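Biologist: Could you take me through the aromatic residues in this one, up close? I'd like to hear how the rings pair up, and what sits around them.

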Amino acid sequence: MQESEFITLWRSYGQKLEENLILNRQNAYAITLIKIKSLVGSMVPMKIFVIVLGSIWAAFLSIVLYHTYAYASPIFWFSIAIHVVLLAVVIVINIYQVVLIYQTDLGEALLKTQYRLAYLKSTTLLIYRLMFLHAPIWTTFSIQQKMFEHPTWLAAQVMVTLVFLIVSLWLFSNIKYENHNKKWFKLIFSGKDWDPVMKSLEMLKQVEGYSSL
């Protein structure tokens with residue numbers, strides 16, 4: 001074999017090797033996107049369950065508020081009203097998350113997938129922050145007017161509500177992605193409402209280098 005033929009053969013082999021490498025990377029990118037869609041899709045059943053159950057509960061409480069407006073104690077009425085408003089916000093966020101998940105397209109640009117995952121992450125954090133924020137309400141809706149006539153019971157009620165308020169405000173302020181490696185954060189955020197998003201983000205980082213191919 002002449003030297004020129006050997007060089008030509010070597011170049012041909014190198015070109016085929018590069019083409020195969022590019023094809024493998026593109027296949028890995030496509031397979032990863034399929035896995036990401038499957039992961040975030042696993043969040044949908046739980047979110048639909050929360051939407052349906054939350055809507056029924058919010059509707060029931062709205063009826064209670066309507067029928068008790070004239071005679072219910074202000075503390076009871078406003079406690080339930082705040083709960084309904086925050087619950088409605090959480091339901092709307094969950095609905096938008098489901099829509100966002102179903103809009104995920106395997107052929108879309110990498111930037112859009114990154115946006116969807118980032119939004120799912122931030123809104124999931126917001127949902128938890130709102131749910132913890134209204135925790136003190138569960139200690140106030142049962143307060144009755146006659147409790148103010150008994151200092152001991154009133155003091156106990158104030159202490160319990162104050163503890164719930166401090167904890168809820170602390171969680172509302174500290175539930176953010178910067179704390180995701182802390183033990184208390186991991187205790188709260190685990191399962192199908194959080195893990196799929198984190199796994200998808202990790203997988204997306206692995207294929208960012210393939211997006212330009």
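Modeller: Here is a walk through the rings, with a few stops at their surroundings.

Keep in mind that this is a predicted model, so everything below is computed from its coordinates. For orientation, the chain has 7 helices and 0 strands, and from the N terminus on the elements simply run α-α-α-α-α-α-α. Of its 213 residues, 33% count as buried. If you take the contacts between residues at least 6 apart in sequence, 75% of them join residues at least 24 apart.

Now the rings. How many aromatic pairs does a search of the whole structure find? It comes up with 11. One of them is Tyr69 with Trp77, an edge-to-face pair with 5.4 Å from centre to centre and 70 degrees between the planes. Tyr69 counts as exposed because its relative accessible area is 60%, and the cut-off for exposed is over 50%.

Another pair is made by Tyr96 and Tyr119, also edge-to-face, with the centres 5.2 Å apart and the planes at 70 degrees. Where do these two tyrosines sit along the chain? Tyr96 is in helix H3, which covers residues 74–102, and Tyr119 is in helix H4, residues 110–133, so this pair ties together parts that lie 23 residues apart in sequence. Are they buried or exposed? Tyr96 has a relative accessible area of 38%, which makes it partly exposed, and Tyr119 is partly exposed too, at 26%.

Some rings do not stop at a single partner. Tyr128, Trp170, Trp184, Phe185, Phe189 and Trp194 are linked into a cluster by ring pairs.

Rings can also have a charge for company. Which ring does the charged end of Lys121 sit over? That would be the ring of Tyr177, with the charged end 4.0 Å from the ring centre. Arg129 does something of the kind with Phe172: its charged end sits over that ring, 4.2 Å from the centre.

While we're on charges, the salt-bridge count comes to 1. The partners are Asp193 and Lys47, and their closest N and O atoms are 3.0 Å apart. Asp193 lies in the loop between helix H6 (183–188) and helix H7 (195–207), while Lys47 belongs to helix H2 (residues 44–68), so the bridge ties together parts that are 146 residues apart in sequence. Buried here means under 20% relative accessible area, so Asp193 qualifies at 18%, and Lys47 does as well at 1%.

Helix H2 also gives us a phenylalanine on the surface. Phe49, placed in helix H2, joins Met46, Val50 and Leu53 in a nonpolar surface patch, and together the four have about 370 Å² of accessible area. For the chain as a whole, the accessible surface comes to about 13900 Å², and 68% of that belongs to carbon and sulfur atoms.

Phe60 is another ring in helix H2. Its relative accessible area is 45%, so Phe60 counts as partly exposed. Measuring from C-alpha to C-alpha in the model, Phe60 and Val84 are 9.7 Å apart in space, with their positions 24 residues apart in sequence.

Over in helix H3 you'll find Phe78. Phe78 is exposed, with 52% relative accessible area. How far is its C-alpha atom from that of Thr140? The separation is 9.5 Å, although Phe78 and Thr140 are 62 residues apart along the chain.

Two aliphatic residues round out the surroundings. Val92 lies in helix H3 and counts as exposed, with 53% relative accessibility. Its C-alpha atom is 9.9 Å from the one in Ser55, and 37 residues along the chain separate the two. Leu154 lies in helix H5, residues 151–174, and is partly exposed at 24% relative accessibility. The C-alpha atoms of Leu154 and Ile143 are separated by 9.1 Å, for residues that are 11 apart along the chain.

Conventions. Residues are numbered from 1 along each chain as its sequence is written. This is a predicted model: local features need pLDDT of at least 70, side-chain atom pairs count only at pLDDT 80 or more; totals for chains, interfaces and linings use all residues. Side-chain values use heavy atoms; hydrogens and water are left out. Rings of Phe, Tyr and Trp (its six-membered ring) pair if their centres lie within 6.5 Å; planes under 30 degrees apart count as stacked, over 60 as edge-to-face and the rest as tilted. Buried means under 20% relative accessible area, exposed over 50%, partly exposed in between (1.4 Å probe, protein chains only). Helices (H or I, at least four residues) and strands (E, at least two) are DSSP runs, numbered from the N terminus. A charge sits over a ring if NZ of Lys or CZ of Arg is within 6 Å of the ring centre and within 35 degrees of the ring normal. A salt bridge is a side-chain nitrogen of Lys or Arg within 4 Å of a carboxyl oxygen of Asp or Glu. Patches are made of residues with over 30% relative accessible area and no salt bridge: like charges are joined within 9 Å, nonpolar side chains (Val, Leu, Ile, Met, Phe, Trp, Tyr) within 5 Å. Accessible areas come from the Shrake-Rupley method with a 1.4 Å probe; for residues, only the protein chains shown count as cover. Contact means heavy atoms within 4.5 Å.
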